[in-house]
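User: I would like a close look at one part of this model: the place where the database record puts a binding site. Please walk me through it, then set it beside the rest of the fold.

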Amino acid sequence: MSKSSESGSIDHILTEDRLFAPPAEFTDKAVISTNEQYEKLYAEARDNPDKFWGEQGKEHLHWFEPFDQVCKWEAPNAEWFVGGKTNACYNCVDAHVEAGRGDKLAIIWEGEPGDTRTLTYRQLQTEVAKCAEGLVELGVTTGDVVSIYMPMTPELAIAMLACARIGAIHSVVFAGFSAESIADRNNDASAKLMITSDGLYRRGKVLPLKRTVDEALAKSPTVKTCLVLRRTGGDDTPMQDGRDVWWHDAIDKQPGTLPATPLDSETPLFILYTSGSTGKPKGILHTTAGYNLWAKRTFQWVFDHREDDIYWCTADCGWITGHSYIVYGPLAAGATCLMYEGAPNFPAEDRFWDLVEKYKVTILYTAPTAVRAFIKWGDEHVDKHDLSSLRLLGSVGEGINPEAWMWYHEKIGGGKCPIVDTWWQTETGGIMMSPLPGITPTKPGSCTKPLPGVVPAIVDEIGNLVDSQSGGKLCIAQPWPGMLRGIYGDDKRFVEQYWADVPGKYLTGDNARRDQDGYYWIMGRIDDVINVSGHRLSTIEVESALVSHPNVCEAAVVGRPDDLKGQAIAAFVTTTGRECNDEFLKELKMHVRKQIGALAQPDDIRFTSSLPKTRSGKIMRRLLRDVAAGRELAGDTSTLEDLASLAKLQQKD
Ligand code: PRX
């Protein structure tokens, strides 16, 4: 299990020196099977990116009209495949039908209650075209933003692809976010139409999604129409006349023949909101051609995709992992994807292993937080199942601690499956650093090496390149096709956030070091972003939610190490007009849940009479992190305005 202190687990990672070579039988059949092959691709992409990506673009995407310039780069603005016309939905769906592979399964789906459905590429084409026709009939056109808040049903992927088909921009909001969060995102993006479902199954219960959406739509004036999928049934779904329309009424009747619209390469494909270092989530913008190519090629390289694979990414489409590695990457590569709707422990803790056995999954891509939960639930759930179909395992969302890595390797992979620890971000569009499973000897806890096209640089506080072995801020020095094109509607923030510190280089927000073998080790964030179960949250976002409660004066939120979640949310609050008791504590947790969503609910809340601050009034988060983790107070406290407040906080431990 992970170490109980932050510094403990980092020390552990730093002293990790085990090396696991890919099994020879894996390498023999691998897409990239020699180091020379990788070195050649890497050198070409770094030294002659226009030639390299020009060839990649031509070969791996369909073009209605060819591009005439590979990359137009004037930092921080990139345009890829300028002058070309393509369509991400065409690349993911129609291209396979055209190539005579229409009968191949694209999606194998299982709902939480156990209902199942399969879609061949041809069937997917019809379903996507029908949805696109329905959207057009409801008034959606190229450039409109469609907000999607849905369970993990095939219709979620269909809705995303339908938007891509007509050049509408999807903004998927994870179905665990609150009405407030949906409304904020709808308003920021001026969404015109929203797609949701009546309900969602979660651990056997039905959550009324549409009711949450109704609350959000009361505060989303730009949304004129709401398309509602019947998923859970029952007659009590409120439908507002003139605004709400059932999916089965609007979509089922459509002919399903609408072709994909040829779109300029840089046509916005989607916006996905993610937390930054301020309170307001950022709408990360990705565009059509470059993103689609990056998702496809990184999928093929990292997952060593072969024709007969059954690939399962356990993420939700509400996050970037679902966008790139459930929809746009694997489908562009013509893969067969398993999609699962529900919880990993329903009806029992062996649900994932039951699915792997039932569908003979060959590639599994999941998150360290899930692996840690499986360890906790016990080996007996794994032992019940035959997992011999697996040949490759993936990890994403946070660094995988060596102990979890070893368990994943031995217990799930039977000691024979390489593990690809993939480092990337919402902003990068796809995987940036990862082992290539046929060639890269892996070190537990390291995401190993950059993929072709990724040129990392490690810099110090003022942007100078540093001796990378001691570590520093991780930047990317060269544009790559999948890079974000901006923050929707906020060019200023885009520049400030990612490009101001080190001119011309993309600042990732992570610290990293590079060891003597050229392997990268991600050392955590440099900003006030915390990583809770692989999900990004800004501490300031949670603080704003807390202070919006009338009885909270001030709040400080920090991450503290957690064996299961990686980081848990610890909050310190000063209050007024209320007794600081358990009831108030529960109310505050619920308040944050309502403001942001269940994923942001603090694990600990401590009441305090004041917060430790510097003389200039800044909250001393470093100290609060130590207090929250139960650590000895580290570092200099001489600038503390009120040492007494800190002493009080400590007494609580
Ligand atoms: O801090 C890094 C961490 O997750 C951040 C990106 O979060 P998000 O945009 O939500 O995307 C998550 C899925 C790609 C990064 O800045 N992170 C992600 N993967 C890893 C990681 N940290 C260490 N190792 C990883 N493999």
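Analyst: Here is the annotated site, followed by the ligand shell, a sheet and a helix.

The model is predicted. Start with the record. UniProt, in an unreviewed entry, gives the feature "binding site" at Val547, His549 and Val552. Two of these positions can be followed closely.

Take valine 547. Valine 547 sits in helix α18, which covers residues 539–547. Is valine 547 buried or exposed? Neither label fits, because 15 other C-beta atoms lie within 10 Å, and valine 547 counts as partly exposed; the buried class begins at 20. Setting aside residues up to four places away in sequence, valine 547 touches Val552, Glu554 and Ala555.

Now valine 552. Valine 552 belongs to strand β28, residues 552–562. Valine 552 has 22 C-beta neighbours inside 10 Å, so valine 552 is buried. Its contacts, without neighbours up to four places off in sequence, are Leu546, Val547, Val573 and Thr575. Val547 is in that list, and Val552 is in the list for valine 547. The two annotated valines therefore touch, with C-beta atoms within 7 Å.

Next, the ligand. The shell around the ligand has 21 residues. Gly399, Gln425, Thr426, Ile522 and Arg536 come nearest. Four elements give two or more residues each: α12 (320–332), β20 (419–422), β24 (506–514) and β25 (520–525). The largest share, 3 residues, comes from β24. By type, the shell holds 6 nonpolar, 10 polar and 5 charged residues.

Then the sheet. An open sheet is built from 8 strands, in the order β12-β11-β8-β6-β7-β14-β15-β23, with mixed pairing. Its edges are β12 (244–246) and β23 (486–487), and each pairs on one side only. Strands in a sheet pair through backbone hydrogen bonds, either parallel or antiparallel. At the β23 edge, β15 (residues 282–287) pairs with β23 in the antiparallel sense, over 2 bridges. There, leucine 285 stands opposite glycine 486 of β23.

Last, a helix. Helix α6 runs over residues 121–137, 17 residues in total. From first C-alpha to last, α6 reaches 24 Å, close to the 24 Å expected at 1.5 Å a residue. Of its 17 residues, 13 are buried, so α6 is largely enclosed by the rest of the structure. Glycine 139 follows α6, with a positive phi near 95 degrees.

Back to the site: the annotation pairs a partly exposed valine 547 with a buried valine 552.

Terms used
Residues numbered from 1 in each chain as written. Predicted model: local features only at pLDDT ≥ 70, side-chain atom pairs only at ≥ 80, totals over all residues. Pairing = 2+ DSSP bridges. Near = placed C-beta within 6 Å. Nonpolar A, V, L, I, M, F, W, Y, C, P; charged D, E, K, R; others polar. Expected span 1.5 Å × (residues − 1). Buried ≥ 20, exposed ≤ 12 C-beta atoms within 10 Å, placed from the backbone. UniProt positions renumbered as here; feature names shortened; annotations may be inferred.
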